[in-house]
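Me: I am new to this structure. Please take me through one part of it closely, in short steps.

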Amino acid sequence: MLRNREIRLLLGVMVVICLAGTMVSVLYSSVTALFVLTTSIFLIGTTILFTRWRYREIERLSGYLRQISSGDYTLDVRDNTEGELSILKNDIYKVTLMLSEQGTLLKKDKIQLTDAISDISHQLKTPLTSMMVMADLLSDAGVDEVKRTEFTHNIQIQLERIEWLVSSLLKLSKIDAGTVQFKTEKVAVKHLIQKAVEPVLIPIDIKEQTLSIEGKDTTSFTGDLNWTAEALINILKNCVEHTDDGGSITISFEENALFTEIIIADNGKGIAKEDVPHIFKRFYKGKNASEDSIGIGLAMAYSIVTSQHGDIEVKSEKDQGTQFRIKFFKQVI
């Protein structure tokens, strides 16, 4: 404590005042001088004891901070009494909680990143292995032209699958990183539906499915046309894929004072009850998923909708069809 220059200066000043007061009081009487000297010594001693106590408290806090820096967030130094040290203790505890929460989130993100890399590697391994095998077969001069054409076509299909996967992952990573600037413009839902339906018209025609669209032309919401269309395309692809030949897909939309709602429903195979809570998770494949399914389309749709202050939920029963309800809420200022 006495190594502190400020403390030495304070004690020196107090001693000088004590001696000066004693010398002045001697002019009046020895009793007065003794009283002043005793009182001064008592005050100096009290100051020293109080300063030592504060030093011990600060030392304890320093030890606590060292434990925090080493990753131990379990200690609790909260103090509900009044005073500067109590305020400091409570503030340190709040920072500790914040660091603990951030550490937990970072650990969770690290685990998710590891799982994502593992899933991506798994998804890429199958088509790459297939292409390597077919490339070896193509290098054989004895392969007839029919097989050569078949292998070339299969390689092209696998390359398209890899391209779609990489493109989707890049879009998701941009959304997660917050680098996507979603537009906030008035979007006509009818125009949005037309844009989203166009890419799936051929699959619908091949499977002889019926598509019906219902809703008022004036229905709209505030958002990003292109990104929202991307979300609806992925949902529609899911509906087409899990609806049998000759099935039906319906799209309806309406607007009220609170939100604009788009409902996409089919009468297909439905989703197993245990799969429903997980279908928006990345790389999750339900029991009814096809072999070519990667499990990323619905995850992307969910990220796009929720990033625009929207919500998406699903209702489904096995062999009873599936219904996706998308809501874009009005922003009240």
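How many bridges join β4 to strand β5, and do the two run parallel or antiparallel?

Reply: A word on the source comes before the answer. This is a predicted model.

Now the strands. β4 covers residues 248-255, and β5 covers residues 259-266. They are joined by 7 bridges and run antiparallel. Between them sit 3 residues, and the two strands form a hairpin. One pairing to find on screen is Thr250, whose bridge partner in β5 is Ala265.

β4 also pairs with strand β2, residues 210-215. Here 6 bridges join the strands, and they run parallel. Look for Gly215, which stands opposite Phe253 in β4. So β4 is joined to β2 by 6 bridges and to β5 by 7. In a regular strand, side chains alternate between the two faces of the sheet.

Next, follow β4 to Glu255. Its side chain meets that of Lys330 in a salt bridge, 2.3 Å from N to O. This contact links distant parts of the chain: Glu255 belongs to strand β4, while Lys330 lies in the segment after β7 (321-329), 75 residues apart. Is Glu255 buried or exposed, or something in between? At 35% relative accessibility, Glu255 counts as partly exposed. Lys330 is partly exposed too, because its relative accessible area is 31%, and the range for that class runs from 20% to 50%.

Now step back to the loop between α7 (225-241) and β4. Asp244 lies there. Asp244 is partly exposed, at 47% relative accessibility. It belongs to a negative surface patch, together with Asp205, Glu208, Asp245 and Asp319.

Helix α7 has a contact of its own. Its Glu230 forms a salt bridge with Lys171 of helix α4. The closest N and O atoms are 3.2 Å apart. This pair also links distant parts of the chain, with the two positions 59 residues apart in numbering. Glu230 is partly exposed at 22%, and Lys171 is partly exposed at 25%.

Helix α4 spans residues 145-177. Within this helix, Lys147 forms a salt bridge with Glu150, with the closest N and O atoms 3.7 Å apart. Why are they about one helical turn apart? Because Lys147 and Glu150 are 3 residues apart in the helix. Lys147 is partly exposed at 38%, and Glu150 at 37%.

The whole structure holds 5 salt bridges. Among them are Glu255 with Lys330, Glu230 with Lys171 and Lys147 with Glu150.

Technical notes:
Residues numbered from 1 in each chain as written. Predicted model: local features only at pLDDT ≥ 70, side-chain atom pairs only at ≥ 80, totals over all residues. Heavy atoms only, no water. Pairing = 2+ DSSP bridges. Helix = DSSP H or I, 4+ residues; strand = E, 2+ residues; numbered from the N terminus. Patch = residues over 30% accessible without salt bridge, like charges linked within 9 Å, V, L, I, M, F, W, Y side chains within 5 Å. Areas by Shrake-Rupley, 256 points an atom, 1.4 Å probe, with all protein chains shown as cover. Salt bridge = Lys/Arg side-chain N within 4 Å of Asp/Glu carboxyl O. Lys, Arg positive; Asp, Glu negative; His and termini not counted. Charge placed at Lys NZ, Arg CZ, Asp CG, Glu CD. Buried < 20%, exposed > 50% of the residue type's maximum accessible area, 1.4 Å probe, protein only.
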